[in-house]
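I opened this entry to keep track of what I looked up in the model. The notes follow the order in which I checked things.

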Amino acid sequence: MSETRRPGAIAAGALAVALILSGCSDDGPGGREEPGTVSPAALKNCGKVFGERNVEALRADLGKDFQPHDRSLGEMKERMLVEAQLWNPATDKLARTSFHPCQIEGRADGKEAWVIATVGWSKYGVAFMTEGKHAREFREVAKGVYLDLRQGTDGARTLVMPCAVPGTRAGQGENLPLQVSLTDTDRTARTVSTDQLLKALAESTRELLGCAEKVTVPEKPLS
């Protein structure tokens, strides 16, 4: 999966990239509202990703500059299911597109603050995360839920977990697992924790895709 860039550069470029990867937003031309306004569609969409209470908590933390940017969850689901159905373990040439189902911006102590959800199929199979020299880079925080102990350059925290979906080849769930990442940068007030947001993102994405496996994401996956 491609990595989300450092939030300081996002305003100029990453939102445009996200629109290309994730489809058009319901916010209107360019997917952005006028300064000082909040798109009801974006607010509702991010509520589906993180939970309405968590989004309201983020709104309190980020103040008057709070601005959600939604991406089409329906399109993300469709494209991810097609990717999984095209996956072939013999060649493993899948592009593994990164999707941003919700991005929220604001300001904290005079600096830009970002909360960015990133979703896609992982290049790390369960065997990679549990066997051999790379096993030390992951921790099983609950049965079937693996925390990548390496932080991305943007501070993103990542969970990987099996997610078998209909119409795929045998072993897809474990060999092409789901990966969800959360960038939570420069948010000084923490009415809702990064743990809570990452858990909500994982659960909402699993529900959206219809993952066959029953896993329980812990309350504090980063601990």
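What pattern do the disulfides of the chain follow, with bonded cysteines counted along the chain? I found the pattern 1-2, 3-4. I note at the outset that this is a predicted model.

**Overall layout**

I looked up the secondary structure and found 7 helices and 7 strands in the chain. Read from the N terminus, the elements run α-α-α-β-α-β-β-α-β-β-β-α-β-α. The chain has 223 residues, and 51% of them count as buried. I also checked contacts between residues at least 6 apart in sequence, and 66% of these join residues at least 24 apart.

**Disulfides**

I took the cysteines next; the count comes to 2 disulfides. One of them is formed by Cys 46 and Cys 102, with the sulfur atoms 2.0 Å apart. The angle about the S-S bond of Cys 46 and Cys 102 is 100°, and the link is right-handed. Cys 46 sits in helix 2 and Cys 102 in strand 2 (residues 102-108), so I logged the pair as a link between distant parts of the chain, 56 residues apart. Are Cys 46 and Cys 102 buried or exposed? Cys 46 is buried, with a relative accessible area of 0%, and Cys 102 is buried with a relative accessible area of 0%.

Cys 163 and Cys 211 form a disulfide, and their sulfur atoms are 2.0 Å apart. The torsion about the S-S bond of Cys 163 and Cys 211 is about -80°, so I recorded this disulfide as left-handed. Cys 163 lies in the loop between strand 6 (157-161) and helix 6 (172-175), and Cys 211 in the segment after helix 7, so the pair ties together parts 48 residues apart in sequence. Both Cys 163 and Cys 211 are buried.

**Helix 2 and its packing**

I went back to helix 2, which covers residues 40-50. At its N-terminal end, Ser 39 acts as the cap, with a side-chain oxygen 3.3 Å from the backbone nitrogen of Ala 41. Just after helix 2, Gly 51 takes a positive phi of about 95°. The buried residues I listed in helix 2 are Ala 42, Asn 45, Cys 46, Gly 47, Val 49 and Phe 50.

How do helix 2 and helix 7 lie, and at what angle do they pack? Helix 7 covers residues 194-209, and the two helices pack at about 95° with their axes 6 Å apart. Angles of 65 to 115 degrees count as roughly perpendicular, and helix 2 and helix 7 are therefore roughly perpendicular to each other. By class, I found 5 nonpolar, 1 polar and 1 charged residues in the contact of helix 2 with helix 7. From helix 2, Lys 48, Val 49 and Phe 50 take part, and they meet Leu 197, Ala 200, Leu 201 and Ser 204 of helix 7.

**Ser 181**

My last lookup was Ser 181, which is found in strand 7 (residues 178-185). Ser 181 has a relative accessible area of 8%; under 20% counts as buried, so I entered Ser 181 as buried. Which side chain does the side chain of Ser 181 join in a polar contact? The partner is Thr 158, at 2.6 Å. Leaving aside neighbours within four places in sequence, the contacts of Ser 181 include Ile 116, Ala 117, Thr 118, Ala 156 and Arg 157. Leu 198 and Leu 201 are also among the contacts of Ser 181, and Leu 201 is one of the helix 7 residues that I had listed as meeting helix 2.

Definitions and conventions. Residues are numbered from 1 along each chain as its sequence is written. This is a predicted model: local features need pLDDT of at least 70, side-chain atom pairs count only at pLDDT 80 or more; totals for chains, interfaces and linings use all residues. Side-chain values use heavy atoms; hydrogens and water are left out. Axes are lines fitted to C-alpha atoms, for helices over the stretch in contact, and angles run from 0 to 180 degrees between N-to-C directions. Helices (H or I, at least four residues) and strands (E, at least two) are DSSP runs, numbered from the N terminus. Angles under 35 degrees count as roughly parallel, over 145 as roughly antiparallel, 65 to 115 as roughly perpendicular and the rest as oblique. Contact means heavy atoms within 4.5 Å. Ala, Val, Leu, Ile, Met, Phe, Trp, Tyr, Cys and Pro count as nonpolar, Asp, Glu, Lys and Arg as charged, and the others, Gly among them, as polar. Buried means under 20% relative accessible area, exposed over 50%, partly exposed in between (1.4 Å probe, protein chains only). A polar contact is a pair of N or O atoms within 3.5 Å; within protein, one must be able to donate a hydrogen and the other to accept it, and residues adjacent in sequence count only if both atoms are side-chain atoms. A disulfide is a pair of cysteine sulfur atoms within 2.5 Å.
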